[in-house]
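Reader: I am in my first year and still learning to read folds. Please take one part of this structure and walk me through it slowly.

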Amino acid sequence: MFDFVNRKKRIVQFVLLLAVLPFMFWGVQSYRGDSGEGYVAVVDGEEIQRREFEQALRDHQARLRAMFGGNFDNAMLDSYELRDSVLERLIQQRLLFREAVNNGFTVLDSQLVNEISQIPEFQLDNRFSKKQYEAFLRNEGLNPIAFESRVRQELLLQQLLDGYSENSFVSDAAVGRVMYLSEVQREINQVQIMPEDFLSQIEPAESDIKAYYDAHQSEFFLPERVRVEYLVLSLESLAENEPVSDDAIQNYYDEHQAEFGQPEERKASHILVAVAATAPDDEKQEAREKAEDILEQVLQHPEQFAELAENYSDDPGSASRGGDLGFFGRGVMVKAFEDEIFQMQPDEIRGLVETDFGFHIIRLDEIKEAKIADLNEVREQIERKLKMQMVSSVFGEAGEDFSNTVYEQSDSLQPAAEKFELTIQQSDWINRNATEPAILADERLLNAVFSDDAILDKRNTEAIEVMPDTLVSARVLEHREATAQSLSIVRDEIIDRLKKRNAAEMAIAEGQAKLESLLTGEEDAATIDWGESKQVSYMQPQGLNQEVIRTIFKADVDTLPTYTGIENPQGGYSLIRITEVIEPEVTDKEKRENFGHQLQQMITQEEMSSYLGGIRQRYDVTIKRDNY
């Protein structure tokens, strides 16, 4: 959430992204006097209003759309995990702000003025311009008081977090040791001693079966369970019965053909001579002259375009492919580049094209013409969309009517089913922790199903929104109390458990015995089929879990080969032979410094995470999940 590396950069980014930041302070005045909308959480006595949460959620959704573009899955917007994440960030902000205030941090007016006056967007002729400042805020729909309040709060939090970002320290010796451990490798062979190899040797005694049953009776209880019938009212269920005329489908198709086609795409290659847009004129001229020389070679030998791109292009992503950029449509490339490409004919070469990246030599390789799908291919898609549009505007009213019907005629679901043309569905036996069917797995719905009102009085549950635009009401058909299963019923299951447990113990004992005999020299390692060798390290574990890696690197390697072993989490034993230690190459100073910087950042992040966890424990935080 916060950049611990560059304070100035963080302030500038904060200002530039005010319109889309999902987790930002909006000024205390924004939340006073609006308690009628309800709140979603209380942090140390201060409410986080629902309006604030919804605004933060909308901003985060906008960022997701911008990030994923056409690949964005709208189902992500309905995720409870996403909503929880947004609320958690708002809570963290409240906690950090409370910590800053409680610890006496302040932001002087002079600090605030200094920070705002250095933001590039407010500069004119390299000096702060009040007109630029006011125009920028006006365009963003902000007023100076609210804006300055946000920047002040951001600076306040920076003061609090600077203690972590600016004071973490990693010694050179620690950097060297961690770097060595991350790169040193050990060559190993591994043998798995599996419980399955011992199952046939085990036959539990009747006394063991009885003793296990007596000690684990609670595990063999059948929990309280019910069978229910239920109705689902959703946009989809309402839309199914909504008629759509052929004319409406035809009109939509005619007016929205862009939705049903593949836009024109072009495949191009380029050679880039890179130069920054802000570079001095003499540097730009030097780059231009270099690009002109390359263009002359390309025009003389167009068949060598790929070879010249590989040798001269400054675009590392395409140079290795002979400059190939693949197919792309409009809106993907920078405007000057795109405008040129979409005027060209196949095999045509043009240059120089100047963009913010430098000078380009372009060749158009292929054109994919735009295609429009036939109406018959998309008829069902259009019909469904029109139906959803028709019912979405009335779903709120329908949902209220559905809720009233299942409540007022609570002795049956049939009236609601007939009224809304729904099919009554039935479940198998489900318990309080049911996950299937998914439509019934909502915690609030299960609590309603297992209530006395539903079980004893045989009433419909209230209509509960189990997901956006989806209401469910259920009715209990049968109910069974929690019951203990007799030993005769669960005997086979107990036998299976005992055999697996004992087999795992035998496999571990066998592995430990083999390891001991290998270390003492009593057993010849050549008699064991070790399989293929592989080189492993902390950074390249080759599929081994961290416990196995730690065991390998804890082994004494003064004399090789040596042996070690560890119990498998899945059961059994891993017997490991270490045959070679492969020392890392000597690293240069720059690589060591970069590694040290990364290690310091990791430690800073860990400390920050621990700090956030600690302050969460010190303050009273209440979340109203039913309200968001």
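Author: What follows is a close look at one sheet, the helices on it, and a neighbouring hairpin.

Keep in mind that this model is predicted. Start with the sheet. It is open and has four strands. Their order is β19-β5-β21-β20, and the pairing is antiparallel. Which strands sit at the edges? They are β19, residues 534–536, and β20, residues 562–567. Each of these two pairs on one side only. The sheet is not flat in its strand directions: neighbouring strands are turned by 40 degrees against each other on average, direction ignored.

Now look at β5 and β21. Strand β5 covers residues 185–193, and β21 covers residues 573–582. They pair in the antiparallel sense over nine bridges. Find Glu187 as a landmark. Its bridge partner in β21 is Glu580. A general point helps when you trace such strands. In a regular strand, side chains alternate between the two faces of the sheet.

Next, the helices. Helix α20 spans residues 487–520 and packs on the sheet. It touches β5, β20 and β21. Its direction makes about 35 degrees with that of β21. Helix α21, residues 546–554, packs on the sheet as well. Its contacts are with β5, β19, β20 and β21. The direction of α21 makes about 150 degrees with that of β20.

Stay with α20, and bring in helix α8, residues 206–215. How do the two helices cross? Their axes come within 9 Å and cross at roughly 105 degrees. Angles of 65 to 115 degrees count as roughly perpendicular, so α8 is roughly perpendicular to α20. On the α8 side, the contact includes Ile209, Tyr212 and Tyr213. On the α20 side, Leu487, Val490 and Ile494 are among the residues met. Charged residues take part too, including Lys210 in α8 and Arg501 in α20. In total, the contact has eight nonpolar, no polar and six charged residues.

Finally, the hairpin. Strand β16, residues 464–467, pairs with β17 in the antiparallel sense over three bridges. Glu465 has Leu471 as its bridge partner in β17. Two residues lie between the strands of this hairpin. There, Asp469 takes a positive phi near 60 degrees. Strand β17, residues 470–480, also pairs with β7, residues 225–234. That pairing is antiparallel and runs over ten bridges. Within it, Tyr230 stands opposite Ala474 of β17.

Notes
Residues are numbered from 1 along each chain as its sequence is written. This is a predicted model: local features need pLDDT of at least 70, side-chain atom pairs count only at pLDDT 80 or more; totals for chains, interfaces and linings use all residues. Side-chain values use heavy atoms; hydrogens and water are left out. Two strands pair if DSSP finds at least two bridges between them. Axes are lines fitted to C-alpha atoms, for helices over the stretch in contact, and angles run from 0 to 180 degrees between N-to-C directions. Contact means heavy atoms within 4.5 Å. Angles under 35 degrees count as roughly parallel, over 145 as roughly antiparallel, 65 to 115 as roughly perpendicular and the rest as oblique.
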